[in-house]
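Hi there,

Here is the structure I promised to pass on to you. Have a look at it first, and then read on for my notes.

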Amino acid sequence: MTKPENAPSEPFELRLAWRNTEGLSRPANQFIVSMSLPNAIGQSDAIHLTMGQADPPVVSGSPEQMEEQLRDLGTIPVETLGRYALTRARLTELIQILQQAARTYDSLQQPGGPTDGDARADTV
């Protein structure tokens, strides 16, 4: 692979400015991960992450009636919230960010943990 002529000789950092962050947060409770189709040399070059949300069905009655209603459902629809293609390197970054967010969340649940204003997950 050739290096572009205008590429900097040394790595450097750029700041990111997030846009359109005012949207509503939607709960994601369903996930699909799949590999891209193989390229010309037989390798997948992306991991596809699909996130969705499924509402629990409304059932009522006796336990037997509720069980029958659940069996009669067949399928529960899942609304797709977004589909994302990640390289292996970006998947590693996402895993690290999510693990840090989980540690931060867990520390907030401990008595004497930091307040909401102090908790920030690392981002890449």
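Let me start ahead of the sheet: N20 sits in the segment before β1. Please keep in mind that this is a predicted model. Although N20 is not a glycine, its phi is positive, at about 55 degrees. Is N20 buried or exposed? N20 has a relative accessible area of 71%, over the 50% cut-off, so it counts as exposed.

Now to the sheet. Three strands make up an open sheet, with antiparallel pairing and the order β1-β2-β3. The edge positions belong to β1 (30-35) and β3 (79-86); each has a single partner strand, so one side of each is left without a neighbour in the sheet. On average, and ignoring direction, neighbouring strands in this sheet are turned by 15 degrees against each other. As general background, strands of a sheet pair through backbone hydrogen bonds, in either a parallel or an antiparallel way.

Here is how the pairs look one by one. Between β1 and β2 there are six bridges, in the antiparallel sense. One pair to look for there is Q30 with its bridge partner G52 in β2. On the other side, strand β2 (residues 47-53) is joined to β3 by seven bridges, and these two strands also run antiparallel. In that pairing, H48 stands opposite A85 of β3. Helix α2 (residues 88-109) packs on the sheet, where it touches β2 and β3. The direction of α2 makes about 120 degrees with that of β3.

How many of the six residues of β1 are buried? The number is zero, so β1 lies largely in the open.

A residue in β2 gives another picture. I47 belongs to strand β2, and I47 is buried, because its relative accessible area of 10% is under the 20% cut-off. Which residues does I47 contact, leaving aside its neighbours within four places in sequence? They are V33, S34, M35, Y84, A85, L86, T87, R88 and L91. For L91, the separation from I47 is 44 residues in sequence, while the C-alpha to C-alpha distance is 7.7 Å.

The loop between β1 and β2 holds Q43. With a relative accessible area of 46%, Q43 is partly exposed. Not counting residues up to four places away in sequence, Q43 touches L37 and P38.

Finally, the pocket, which may interest you as a computational chemist. The largest pocket has a volume of about 590 Å³. Its lining is made of 14 residues, and those nearest the centre of the pocket are W18, Y84, L86, L94 and I97. Two of these names, Y84 and L86, also appear among the contacts of I47. Which elements give two or more residues to the lining of the largest pocket? They are β2, β3 and α2. With five residues, α2 gives the most to that lining. By class, the lining of the largest pocket has eleven nonpolar and three charged residues, with no polar ones.

If you open the model, you could begin at I47 in β2, go across to A85 in β3 by way of H48, and then follow α2 over to the lining of the largest pocket.

Best wishes

Conventions:
Residues are numbered from 1 along each chain as its sequence is written. This is a predicted model: local features need pLDDT of at least 70, side-chain atom pairs count only at pLDDT 80 or more; totals for chains, interfaces and linings use all residues. Side-chain values use heavy atoms; hydrogens and water are left out. Two strands pair if DSSP finds at least two bridges between them. Helices (H or I, at least four residues) and strands (E, at least two) are DSSP runs, numbered from the N terminus. Axes are lines fitted to C-alpha atoms, for helices over the stretch in contact, and angles run from 0 to 180 degrees between N-to-C directions. Contact means heavy atoms within 4.5 Å. On a 1 Å grid over the protein atoms alone, a cavity is a set of points where a 1.4 Å probe fits but cannot get out, and a pocket is an open set with protein on both sides within 12 Å along at least five of seven lines; lining residues have an atom within 4 Å of a point. Grid points are joined across faces, edges and corners, and a volume is the space filled by probe spheres set on the points. Ala, Val, Leu, Ile, Met, Phe, Trp, Tyr, Cys and Pro count as nonpolar, Asp, Glu, Lys and Arg as charged, and the others, Gly among them, as polar. Buried means under 20% relative accessible area, exposed over 50%, partly exposed in between (1.4 Å probe, protein chains only).
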